[in-house]
Amino acid sequence: MKVTTRLQGDALTLGYDKKIVAENLSVAIPDGELTVIIGPNACGKSTLLRTLSRLVSPLQGEVLLDGNTIAHYATKEVARRLGLLPQSSNAPAGISVSELVARGRYPHQSLFGRWRQEDEAAVQQAMQATGVADLAQQQVDTLSGGQRQRVWIAMVLAQQTPLLLLDEPTTWLDIAHQIELLELMQDLNQQHGRTLVVVLHDLNQACRYASHLIAMRDGKIVAEGKPAEIVTPELIETIYGLRCIIISDPVAGTPMIVPLGRG
């Protein structure tokens, strides 16, 4: 069945510092899904996400956004269509939470940058959704790692793009805030029709919240589809070299990986 997609990579060769990470890699991000990319460290997950977002350029092949080569769009136009939260970001010294979140509205600003009511509403909604509204006047560099992560997520949400790409967004968050964020992403997908692509390390969280899963190893896509259809002990051992059993998550009914260990 042909996948309806706004974002895809065709015959990509990915790499950095003269190191090839993936060759002849093709992927189509299904519209209207919450896609989670899983795989061991250094398998190419983050490099693929960065390439799809135009943060890095493929060595070969092309990324298509809405049917056109992404490299041909103006930067501001890409930012109106696609939002990215990379693994690490640095805020300017002395900037407040509300000021940083407001930067997510840059793609929607006119040449003269007039601040509009809809811009303010988007910023307030994003801060409320990520639980940082009460930190609005604090400087970002005074916050904990988890608080800063939520502020960056708020900035991406304020961008209000139909496509959202997030690279390990639960890093630095305690388990309660991890679940809050994952449920927020699920709500953005199911209730607001956003298409999300997320890199996660926690397999059980990936299985519970993803509607579409991409499993990678050594720069290749080993399997993709609904978690319930592709997650098997054989797949987990192929990807991670980890023996396990798969049981049903008692809350969500999704696959739950129980490691057996390497013994």
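Two strands are taken to pair if DSSP finds at least two bridges between them. By this criterion, strand β11 (residues 244–248) and strand β12 (residues 255–259) of the predicted model pair in the antiparallel sense, over 5 bridges. Ile247 has Met256 of β12 as its bridge partner. Ser248 stands opposite Pro255 in β12. The two strands form a hairpin with 6 residues between them. Within this hairpin, Gly253 takes a positive phi near 75°.

The chain as a whole contains 9 helices and 12 strands. Its C-alpha trace spans about 60 × 40 × 35 Å along the principal axes. The radius of gyration is 19 Å. A compact globule of 263 residues would have a value near 18 Å, so the chain agrees with that expectation.

One open sheet consists of 4 strands in the order β2-β1-β4-β5, and its pairing is antiparallel. The edges are taken by β2 (19–30) and β5 (68–69). Each of these has a single partner strand, so one side of each is left without a neighbour in the sheet. Helix α1 (residues 45–52) packs on this sheet and touches β1, β2 and β4. The direction of α1 makes about 125° with that of β1.

Within the 4-stranded sheet, strand β1 (residues 5–16) and strand β4 (residues 60–65) are antiparallel partners over 5 bridges. Leu7 has Leu65 of β4 as its bridge partner. Gly9 stands opposite Val63, also in β4. On the β5 side, β4 and β5 pair in the antiparallel sense over 2 bridges. Leu64 stands opposite Thr69 in β5. The hairpin of β4 and β5 has 2 residues between the strands. There, Asp66 takes a positive phi near 55°.

Another open sheet is built from 6 strands, and its pairing is mixed. The strand order is β6-β7-β8-β3-β9-β10. The edge strands are β6 (82–85) and β10 (220–225), each of which pairs on one side only. Neighbouring strands are turned by 15° against each other on average, direction ignored. Strand β7 (residues 163–167) and strand β8 (residues 195–199) pair in the parallel sense. This pairing extends over 5 bridges. In it, Leu163 stands opposite Thr195 of β8.

Helices also lie across the 6-stranded sheet. Helix α6 (residues 175–190) lies across β3 (34–38), β7 and β8. The helix runs at about 150° to β8. Helix α9 (residues 233–240) lies across β3, β9 (212–217) and β10. The angle between α9 and β9 is about 40°. Strand β3 is thus covered in both lists, that of α6 and that of α9.

Helix-to-helix packing was examined for α4 and α5. The axes of helix α4 (residues 117–129) and helix α5 (residues 145–158) come within 8 Å. They cross at roughly 140°. Angles over 145 degrees count as roughly antiparallel, and α4 and α5 are therefore oblique to each other. Their crossing is right-handed. On the α4 side, the contact is made by Ala122, Val123, Ala126, Met127 and Ala129. On the α5 side, Ala154, Leu157 and Ala158 take part. By class, the contact of α4 with α5 has 8 nonpolar residues, with no polar and no charged ones.

Terms used: Residues numbered from 1 in each chain as written. Predicted model: local features only at pLDDT ≥ 70, side-chain atom pairs only at ≥ 80, totals over all residues. Heavy atoms only, no water. Contact = heavy atoms within 4.5 Å. Axes fitted to C-alpha atoms, helices over the stretch in contact; angles between N-to-C directions. Parallel < 35°, antiparallel > 145°, perpendicular 65-115°, else oblique. Left-handed = near helix turned anticlockwise from the far one by under 90°. Nonpolar A, V, L, I, M, F, W, Y, C, P; charged D, E, K, R; others polar. Rg over C-alpha atoms; globule rule 2.2 N^0.38 Å.
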